[in-house]
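Trainee: I'd like to get how people decide on all those labels in a protein model. Can we go through one together?
Mentor: Sure, let's look at it and you ask away.

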Amino acid sequence: MAQALPDSAEIVIIGGGVIGCSLAYHLTKLGKRDVVLLERKQLTCGTTWHAAGLVGQLRATLNMTKLAQYTAGLYAGLEAETGQATGFVQNGSISIATNDERMEELKRGASMAKTFGLEVEVFSPQEIAAKWPLISLDGIVGGVHLPGDGKTNPIDTAMALAKGARMGGAKIFEEVKVTGVHQKNGRATGVATAQGDIAAEVVVNCGGMWGREIGRMAGVTVPLHACEHFYILTEAMPELTPDLPTLRDPGGCAYYKEDAGKLLLGAFEPHAKPWGMDGIPDDFSFDELPEDFDHFMPVLEGAIERVPALETVGIRKFFNGPESFTPDDRYLLGEAPELRNFYVACGFNSIGIQSAGGAGKALAEWIVEGHPTMDLSDVDIRRMSPFQNNSRYLYDRATEALGLLYAMHWPYYQYETARNVRTSPLHDCLAARGACFGEAAGWERANWFAPEGVEPKYAYSYKRQNWFDHAAAEHRAVREGVALFDQSSFGKFLLQGRDAESVLQRVCANDVAVPAGKVVYTQWLNARGGIEADLTVTRLAEDAFMIVTGAAVAVHDLNWLQRHIPQDAHAIATDVTAGYAVMGIMGPQSRDLLAKVSNADFSNDAFPFGTAQEIELGFTYARALRISYVGELGWEIYVPSDQARGVFDAIAAAGDPMGLKMAGMHVLDSCRIEKAFRHWGHDITDEDTPIEAGLGFACAFNKNVPFIGRDALLEQKGKGVTKRMVQFALEDPEPLLYHNEPIYRDGEIVGRVTSGNYGHHLGAAIGMGYVTHPDGVNADFVKSGSYEIEVACERFPAKASLRPLYDPKSERPKA
């Protein structure tokens, strides 16, 4: 007899693909029994059933790799636990390179894998052929072998997870379509279905390519779009063996997998075909999309050259099915900022099978604990902006997103599609002066400036890119003269009301009970002492504060603030980002320049560091903050957006005769890294504390209101830390650092580079990174070691410093 649909449950999961089944499984492992999973048709009928089933482990970041490693381990034991076969085998994988740049990318990945504890081997062409005898070595310069990678049967694996969930007490219902999400007082309270309502404390959207539609039912932004994904399956090939590794040929946009004696050839072509623009049919279940041999043919032709046996073997099946992609090729996980108790796990960008175990575990822990148990900022849904749910935006970006999985993962790569969504009031002024724009959170931002006669366009490389020398000139202007940065994209919030101070005193680790006109650098911490935000707070009045943070974290940070305003508090947070343009006037000559366009007194006595004043500038008024993210004398000028052009023109007219230089975001970063300023999301995350990060100076332990995370920090201070943030400079000026390069101390890996850039003033690549040791890390431990950093499988000696290598006493910003 079929189960009756309950009228209530603690947790309702929408969607019965591998992600929903994994979440249900992991929730029961954490002791949750009152879990209901609702599937509109049959389990796995959307995209799971036709997945290729690849289980790779090396991802772009440490925690994503940890989750992928966990997935492999989970799949290895699922059959023994549940009795349901999964077909999982660890046959390894090989990725090949057909040019030196791709080989450097693979070697950098191999170096990164070492910091994650993954077994990895760099292969010569001959070693590749020994493992994959069918391959033609024409044009291959090398490759990388990951022995721990594997493959699995997607349907069987999802069914094993579902069986495990049922064994743990979860209830799974098929043929139940969710038609609405109930909510009250800003919280999800249940779902509506054709068979009746279910009240719930938590609702989770695991709807796959239906995820955006389900999100819209709840008023939640879930940006994803389906694309057509193609593969062929050959007739039987006797020369194939079951232990043949998965072969990835990213330059050929192809992957190859042995499948029951046949060869599966799949494609991630550079220009994808979005699908489902008019909605997904209600009866879609185990459906295939129409064949398109013309679209697939370029990949197939390249595959025949790479695997000549394909020329004579028959094609048993040409498959085309939809998979969902997000705007940045990273999946969406976590509690939605718009609606409490509504969680999302969607948009897996063709890596749902290899991500399902870890993603299910991570989200289950988030739901049960009430917070992420590891840094998930890479995939946190709070990185997305509302505009990204726009259907045309998603369509255009989807054409590019699929192919980027196998494209070169260039440093500083800029998306080519769905651009010019958000522009600064200064955009045209900067374009006229040679700006090459990049994109962050939809903002078009000047990343570097091309001199006259040079096209402002990227030429990508892992070596010095075409803008390197131009950025060096901008960097020198910041250090020696004066430069202007357009910082309008930075997130800007107002917190107003009679309780604004008390709210911020609780949220901010530093003391913001300061006089009006004071700027305070602070972190926002979680209860574990981890850093949730890194920003400045300026007191404007007794009942008003301005908060400034990074463009990419604006949604996250505003959500954090809003959720920490008590219900009975008289305090309102408002996003005013678009209302103000911001010009950073930075460098030793910044005081002289501003004196030419304003009658304000910019001397140290009249305008000290860390203060803000309203000033006359040009024909209007502006708010000037004397702070700096580049480590020089400078002011950030906040101007109403409608008046920004006139202020820019006035500054430029006065500055051009004295050598004012436009500077871009690449130089903002290269200057900040010389000064060892931390960057949230890279150097500091919700897993890192201010004490570990060297930011204890910004924690006011003795202020009248105990801040969130204070007790955890005091406990850590008493025990000591097992990691410390350290700045490194390579002794060889040639190699470049980006992120995740292994850090060696006395020949042993002790950490990884969290962010890197070239320090043009210091004359070397500079990196930030934590030095770790289980028995504790103090200054003596850091100073007593000999350091190397590995770049593309080659080690380079490095100097380590706990103090900034540039201006360690911070005298220049206060000059």
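Trainee: How many aromatic pairs does a search of the whole structure find?
Mentor: This is a predicted model, and the search of the whole structure finds 33 aromatic pairs.

Trainee: What makes the pair of W275 and F284 tilted?
Mentor: Look at the angle: it's 50° between the planes, with 5.5 Å centre to centre. Stacked needs under 30 degrees and edge-to-face over 60, so an angle that fits neither is called tilted.

Trainee: And why is the pair of W410 and Y460 called stacked?
Mentor: Here you have 15° between the planes, and the centres are 6.4 Å apart. Pairing takes centres within 6.5 Å, and planes under 30 degrees apart count as stacked, so both tests are passed.

Trainee: Which parts does that pair tie together?
Mentor: W410 is in the loop between α9 and β20, while Y460 is in the loop between β22 and α11, so the pair links parts that are 50 residues apart in sequence. Both residues also belong to one aromatic cluster, which includes Y415 and W448 among others.

Trainee: Is F284 buried or exposed?
Mentor: Buried: its relative accessibility is 2%, and the cut-off is under 20%. W275 is buried as well, at 18%.

Trainee: Then why is Y460 called partly exposed?
Mentor: Y460 has 21% relative accessibility. Buried stops at 20% and exposed starts over 50%, so a value in between is partly exposed.

Trainee: How do you know that the charged end of R397 sits over the ring of Y415?
Mentor: The distance to the ring centre is 4.0 Å, and the limit is within 6 Å, along with a limit on the angle to the ring normal. R795 does the like with Y744, at 3.7 Å from the ring centre.

Trainee: What makes helix α16 largely enclosed?
Mentor: Ten of its ten residues, 665–674, are buried, so the rest of the structure largely encloses the helix. What covers them includes α11, β22 and β34.

Trainee: How do you know that β24 and β27 pair?
Mentor: They share six bridges, in the antiparallel sense, and at least two are needed. Within that pairing, F493 stands opposite I547 in β27.

Trainee: Why is one side of β25 left without a neighbour in the sheet?
Mentor: The open sheet has five strands in the order β25-β26-β27-β24-β28. β25 and β28 stand at the edges with a single partner strand each, so one side of each has no neighbour there.

Conventions: Residues are numbered from 1 along each chain as its sequence is written. This is a predicted model: local features need pLDDT of at least 70, side-chain atom pairs count only at pLDDT 80 or more; totals for chains, interfaces and linings use all residues. Side-chain values use heavy atoms; hydrogens and water are left out. Buried means under 20% relative accessible area, exposed over 50%, partly exposed in between (1.4 Å probe, protein chains only). Helices (H or I, at least four residues) and strands (E, at least two) are DSSP runs, numbered from the N terminus. Contact means heavy atoms within 4.5 Å. Rings of Phe, Tyr and Trp (its six-membered ring) pair if their centres lie within 6.5 Å; planes under 30 degrees apart count as stacked, over 60 as edge-to-face and the rest as tilted. A charge sits over a ring if NZ of Lys or CZ of Arg is within 6 Å of the ring centre and within 35 degrees of the ring normal.
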